[in-house]
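Reader: I'd like to talk through this protein before I head back to the bench. Can you walk me through it?

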Amino acid sequence: MKIDWAALGSVFGVSLVATVALVALFTLGIVGLSKQEQAAAQGGSAVLARTGAYACFALCAAAVAYGIYLIVV
């Protein structure tokens with residue numbers, strides 16, 4: 001049995017980058033929601049923060065759905 005170390009390293013690298021990107025995107029969504037709450041408490045408009053947070057969460061959901069699609073197909 002021969003292990004293709006280059007392919008294994010490539011899979012590891014892509015998995016690491018994708019995981020860090022998804023966590024960062026989800027974190028940005030949570031930060032956007034907290035900024036929305038702060039703006040609402042101060043009496044300001046929070047439409048941009050809420051929209052950005054929802055966009056981050058939608059991109060996370062799309063990435064997870066694409067990963068499931070790649071596994072199933």
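Author: What follows is a short set of questions and answers on this predicted model.

Reader: Let's start with the fold. How many helices and strands are there in the protein?

Author: Strands are quick to deal with, as the count for them is 0. One helix, α1, covers residues 5-41, and another, α2, covers residues 47-72. So the tally, given as helices and then strands, is 2 and 0.

Reader: Is the protein compact or spread out, going by its radius of gyration?

Author: For 73 residues the globule rule gives 11 Å, and the radius of gyration here is 18 Å, well over that. The C-alpha trace spans about 65 × 25 × 10 Å along its principal axes. Because the radius goes so well past the rule, the protein counts, next to a compact globule, as more spread out.

Reader: What share of the residues count as buried?

Author: To be called buried, a residue needs a relative accessible area under 20%. The accessible surface of the protein adds up to about 5,700 Å², with 75% of that belonging to carbon and sulfur atoms. Of the 73 residues, the buried share is 11%.

Reader: Okay, cysteines. How many disulfides are there?

Author: A disulfide is a covalent bond between the sulfur atoms of two cysteines. To count here, the two sulfurs must sit within 2.5 Å. Cys 60 has its closest cysteine sulfur in Cys 56, and at 7.0 Å that is too far for a bond. The disulfide count is therefore 0.

Reader: And is Cys 56 buried or exposed?

Author: The cut-off for buried is under 20% relative accessible area. Cys 60, for its part, has 9% and is buried. Cys 56 has 12% relative accessibility, so the call for Cys 56 is buried.

Reader: Which residues does Gln 36 contact, apart from its neighbours within four places in sequence?

Author: Gln 36 belongs to helix α1. Its relative accessibility is 18%, so Gln 36 counts as buried. Leaving out those sequence neighbours, the contacts of Gln 36 are Ala 46, Ala 49 and Arg 50.

Reader: How far apart are the C-alpha atoms of Ser 10 and Ala 40?

Author: Ser 10 sits in helix α1 and is partly exposed, at 44% relative accessibility. Along the chain, Ser 10 and Ala 40 are 30 residues apart. Between their C-alpha atoms the separation is 45 Å.

Reader: Last one: which residues make the nonpolar surface patch?

Author: Val 64, one of them, lies in helix α2. Val 64 is partly exposed because its relative accessibility is 44%. The patch covers about 900 Å², and its members are Val 64, Tyr 66, Ile 68, Tyr 69, Leu 70, Ile 71, Val 72 and Val 73.

Terms used. Residues are numbered from 1 along each chain as its sequence is written. This is a predicted model: local features need pLDDT of at least 70, side-chain atom pairs count only at pLDDT 80 or more; totals for chains, interfaces and linings use all residues. Side-chain values use heavy atoms; hydrogens and water are left out. Patches are made of residues with over 30% relative accessible area and no salt bridge: like charges are joined within 9 Å, nonpolar side chains (Val, Leu, Ile, Met, Phe, Trp, Tyr) within 5 Å. Accessible areas come from the Shrake-Rupley method with a 1.4 Å probe; for residues, only the protein chains shown count as cover. A salt bridge is a side-chain nitrogen of Lys or Arg within 4 Å of a carboxyl oxygen of Asp or Glu. Helices (H or I, at least four residues) and strands (E, at least two) are DSSP runs, numbered from the N terminus. Buried means under 20% relative accessible area, exposed over 50%, partly exposed in between (1.4 Å probe, protein chains only). Contact means heavy atoms within 4.5 Å. The radius of gyration is taken over C-alpha atoms; the globule rule is 2.2 Å times the number of residues to the power 0.38.
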